[in-house]
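Colleague: Please take one part of this model and look at it closely. I would like to follow it residue by residue, and then see how it compares with a few other places in the chain.

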Amino acid sequence: MTPPLPTTPDAGHNGNHAARVLAHRRRTTVVQWIRRTHGWFGLWGAVLGLLFGFSGIWLNHRNVLKLPQAQERTRAQLALPDPVPDTPEAMSQWLQGALRMSGPPNSSRIEPAKPVAWADKSDKSAPALTQPAHWVFNFGGPNETVQADYWQGNRSVGVNTTHNGFVATLTSMHKGGGMPLAWILLVDTLAGSLIFLSISGVALWMLTHRRRRVGLALFGASLAAMLATAFSAL
């Protein structure tokens with residue numbers, strides 16, 4: 001009786017198995033990297049996330065719930081020197097010294113002189129009415145803001161000072177009011193972290209959960225609700 005021939009391994013089967021093992025290893029490596037990076041990004045933005053989350057809730061409901069912001073406002077008139085600064089640059093430099101500010105204005109609004117909108121244009125013989133130039137300078141930081149309001153030709157500048165409490169200071173930091181460039185760049189890193197956390201969170205769900213349709217349905221419902229709310233407000 002002839003003995004049975006020895007069987008040889010199925011080369012195709014072994015090749016498919018090796019490919020599946022390699023794909024599984026790559027998938028595991030990608031998941032580990034995303035999970036690790038997700039954690040580091042979350043740790044970086046944790047403190048700023050708490051600040052922006054608290055102040056964001058306060059800002060979102062401040063009008064409906066009448067939430068106080070503990071602000072104290074004062075108004076005053078500041079006499080101008082003789083001669084009066086005749087350019088916005090000269091005025092901002094003088095205001096910085098007169099108001100004892102540590103730096104130049106955070107922002108300014110310069111409106112040139114222009115014809116008034118309510119002038120009677122039907123009467124050609126009437127003299128043209130012109131609104132004088134209007135200069136507004138904003139100083140200060142999140143805890144205190146100072147706005148200087150000047151109409152060209154006046155002998156004084158209106159100064160509005162706002163002292164913020166703790167919550168109002170947080171909301172000013174949230175909006176970036178009076179904050180330096182370093183703070184704005186730091187908040188930009190938080191915004192970038194939130195974008196990465198959103199993308200990596202979706203990627204982790206898709207790579208580690210078998211019920212992908214449930215995740216896609218939840219993501220789609222969230223996206224649809226956001227778009228519907230946004231377009232309904234337009």
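**A glycine and its surroundings**

Modeller: G140 is in contact with M101, N106 and G178, leaving aside its neighbours within four places in sequence. Keep in mind that this is a predicted model. G140 belongs to strand 5, which covers residues 134–140. Its relative accessibility is 28%, so G140 counts as partly exposed, a class that lies between buried (under 20%) and exposed (over 50%). From G140 to P104 the distance is 9.1 Å, C-alpha to C-alpha, although 36 residues separate the two in sequence.

Next, consider R100. This residue sits in the loop between helix 3 and strand 2 (107–111). With a relative accessibility of 78%, R100 is above the 50% cut-off and therefore counts as exposed. The phi of R100 is near 60°, which is a positive value in a residue other than glycine. Most residues other than glycine have a negative phi, and most peptide bonds are trans.

The peptide bond between D82 and P83 is cis, with omega at about 10°. P83 is found in the loop between strand 1 (71–79) and helix 3 (88–98).

For a buried residue, turn to S193 in helix 5, which runs over residues 181–208. Its relative accessibility is 4%, which is under 20%, so S193 counts as buried. The side chain of S193 reaches the backbone oxygen of T189 at 2.9 Å. S193 also touches F41 and W44, when residues up to four places away in sequence are not counted.

The last place is where two helices meet. The axes of helix 2 (residues 46–61) and helix 4 (residues 166–175) come within 9 Å and cross at roughly 105°. Angles of 65 to 115 degrees count as roughly perpendicular, and therefore helix 2 and helix 4 are described as roughly perpendicular to each other. On the helix 2 side, the contact is made by L51, F52, F54, S55, G56, W58 and L59. On the helix 4 side, V167, L170, T171, M173, H174 and K175 take part. By type, the residues of this contact divide into eight nonpolar, four polar and one charged.

To return to the starting point, G140 is partly exposed, whereas R100 is exposed and S193 is buried.

Conventions: Residues are numbered from 1 along each chain as its sequence is written. This is a predicted model: local features need pLDDT of at least 70, side-chain atom pairs count only at pLDDT 80 or more; totals for chains, interfaces and linings use all residues. Side-chain values use heavy atoms; hydrogens and water are left out. Axes are lines fitted to C-alpha atoms, for helices over the stretch in contact, and angles run from 0 to 180 degrees between N-to-C directions. Helices (H or I, at least four residues) and strands (E, at least two) are DSSP runs, numbered from the N terminus. Angles under 35 degrees count as roughly parallel, over 145 as roughly antiparallel, 65 to 115 as roughly perpendicular and the rest as oblique. Contact means heavy atoms within 4.5 Å. Ala, Val, Leu, Ile, Met, Phe, Trp, Tyr, Cys and Pro count as nonpolar, Asp, Glu, Lys and Arg as charged, and the others, Gly among them, as polar. Buried means under 20% relative accessible area, exposed over 50%, partly exposed in between (1.4 Å probe, protein chains only). A polar contact is a pair of N or O atoms within 3.5 Å; within protein, one must be able to donate a hydrogen and the other to accept it, and residues adjacent in sequence count only if both atoms are side-chain atoms.
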